[in-house]
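Hi everyone, thanks for making the time. Could you bring the structure up on your screens so that we can walk through it together?

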Amino acid sequence: MFLNTCIGLIAGHSGDSLTDILKRKGYRVAIVGGVKNEPGMDKADFELVEDLSNYKEIIGFFREHEVNKVIIGTGHHKAILLADVLEKSGIKTNINYSKSLLAKDKIKFKEELIKLEIATPKYLSIDVNKDVSIDEITGKIAIPCVVKSSVDAIQPVKANSVAELKEAIEKVKATNTVVLIEEYIKGNDCTVAVESNGKNIRSLGVTYYCKAKEYRLKGFDGAYSRKMSEDKESEICKIAVEIAKQLGFTGLLRIDFIVDECSEKVYVLELNTVIVTGYKGSAYPFFKKQGIDIAEVMISNSLKLLGLET
């Protein structure tokens with residue numbers, strides 16, 4: 001029925017795996033990348049290199065190739081903003097704009113977790129133009145602590161000293177985003193993929209992936225991800241499904257957890273409404289070890305949300 005249908009794709013580092021799956025399913029692919037030679041561009045039927053904020057050119061490109069459905073395979077903030085513009089232009093996407101914004105704002109997401117009485121590390125926030133003394137910060141959040149941009153403008157840093165804390169705060173402020181200072185939990189990192197199409201929600205199980213370790217994030221020496229008991233895995237997966245259900249998320253989500261190595265208490269760190277599925281520089285190989293082709297799950301879920309598969 002949908003043979004030769006051309007699907008739009010905005011996927012960043014996930015473009016290679018997602019293009020492969022779409023082509024295997026018989027779809028043509030019109031890919032948009034922010035820079036030349038992004039993964040998947042050499043495999044797609046049509047390509048456009050364009051800043052993702054240049055909406056007019058991108059919409060024109062999709063209309064030229066009769067694309068009315070687009071898969072967003074990257075959680076980059078420009079891609080999320082573009083998805084809203086595409087929807088308003090009559091081009092359907094696989095993501096929920098308002099929910100994506102919620103997940104992207106780490107502070108708002110934490111506030112929702114607290115309402116649901118789901119544990120997340122203690123935190124405080126500092127507005128860009130606000131100065132807060134180090135004594136005031138450390139009186140609430142002890143060192144070591146984790147410093148983040150509230151919207152992921154730069155990678156998180158673990159501050160192990162006052163000097164490192166000051167430096168990390170200034171680096172976040174330089175991005176003109178709110179500073180998030182979070183309690184450091186020493187423990188076991190893991191992630192859970194949750195697939196939701198609005199009707200059915202399922203967990204794909206616990207994947208032993210530690211972003212701090214794999215990305216060699218500053219200050220996180222000794223970060224780890226190790227196999228836990230079936231009971232603990234079950235507890236974590238139930239929390240992941242409950243978050244998706246209670247907050248109304250759809251798509252293929254990735255929820256990151258840390259389990260305190262002393263108390264074994266489970267904490268939710270963050271939620272990504274789009275899983276990075278590229279062959280390199282993502283959690284793809286970790287899912288693969290579990291027998292899960294996360295790119296294939298991503299495409300299957302997206303096509304259902306777009307009404308192209310049941």
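I'll talk about helix packing, then pockets, then two spots in the backbone. Please keep in mind that this is a predicted model.

Let's begin with the helices. Two packed helices are described by the angle between their axes and by the distance between those axes. Take α3, residues 77-88, and α4, residues 97-104: the two pack at an angle of about 160°, and their axes are 9 Å apart. At that angle, which is over 145, α3 counts as roughly antiparallel to α4. The crossing of α3 past α4 is left-handed. Which residues meet here? On the α3 side they are His77, Ile80, Leu81 and Asp84, and across from them in α4 are Tyr97, Ser100, Leu101 and Lys104. Sorted by class, this contact of α3 with α4 has four nonpolar, two polar and two charged residues.

Now turn to the packing of α3 with α2, residues 55-64. The axes of α2 and α3 come within 11 Å and cross at roughly 60°, and α2 and α3 are therefore oblique to each other. Here α2 passes α3 in a right-handed crossing. From α2, the contact uses Tyr55, Ile58, Ile59 and Phe62, and from α3 it uses Leu81, Leu82, Val85 and Leu86. How many polar or charged residues does the contact of α2 with α3 have? It has none of either class, and eight nonpolar residues. If you have Leu81 selected, notice that Leu81 appears in the contact with α4 and also in the contact with α2.

The next pair is α4 with α5, residues 106-115, whose axes come within 5 Å and cross at roughly 95°. That makes α4 roughly perpendicular to α5. Leu102, Ala103 and Lys104 of α4 touch Lys106, Lys108, Phe109 and Glu112 of α5. By class, the contact of α4 with α5 divides into three nonpolar, no polar and four charged residues.

On to the pockets. The largest pocket has a volume of about 1,200 Å³. Which of its 47 lining residues are closest to the centre? They are Thr74, Gly75, His76, His77 and Lys104. So two names come back: His77 is part of the contact between α3 and α4, and Lys104 is there too. Among the elements, β2 (28-33), α3, α4 and β13 (266-272) each supply at least two residues of this lining. The lining of the largest pocket has 20 nonpolar, 16 polar and eleven charged residues.

The second largest pocket has a volume of about 390 Å³. It is lined by 27 residues, and nearest its centre lie Asp189, Ala212, Phe220, Ile258 and Leu269. Two or more lining residues come from each of β7 (145-149), β9 (179-183), β10 (187-196), α8 (211-214), β12 (251-260) and β13. By class, there are 16 nonpolar, two polar and nine charged residues in the lining of this second pocket. Note that β13 gives residues to the largest pocket and to the second largest one.

Finally, the backbone. Where is the cis peptide bond? It joins Ile143 and Pro144, with omega about 5°, and Pro144 sits in the loop between α6 (134-138) and β7. The other spot is Asn176, which has a positive phi of about 65° although it is not a glycine. You will find Asn176 in the loop between α7 (162-173) and β9.

Thanks for listening, and I'm happy to go back to any of these views.

How values were computed:
Residues are numbered from 1 along each chain as its sequence is written. This is a predicted model: local features need pLDDT of at least 70, side-chain atom pairs count only at pLDDT 80 or more; totals for chains, interfaces and linings use all residues. Side-chain values use heavy atoms; hydrogens and water are left out. Axes are lines fitted to C-alpha atoms, for helices over the stretch in contact, and angles run from 0 to 180 degrees between N-to-C directions. Helices (H or I, at least four residues) and strands (E, at least two) are DSSP runs, numbered from the N terminus. Angles under 35 degrees count as roughly parallel, over 145 as roughly antiparallel, 65 to 115 as roughly perpendicular and the rest as oblique. A crossing is left-handed if the near helix is turned anticlockwise from the far one by less than a right angle, and right-handed if clockwise. Contact means heavy atoms within 4.5 Å. Ala, Val, Leu, Ile, Met, Phe, Trp, Tyr, Cys and Pro count as nonpolar, Asp, Glu, Lys and Arg as charged, and the others, Gly among them, as polar. On a 1 Å grid over the protein atoms alone, a cavity is a set of points where a 1.4 Å probe fits but cannot get out, and a pocket is an open set with protein on both sides within 12 Å along at least five of seven lines; lining residues have an atom within 4 Å of a point. Grid points are joined across faces, edges and corners, and a volume is the space filled by probe spheres set on the points.
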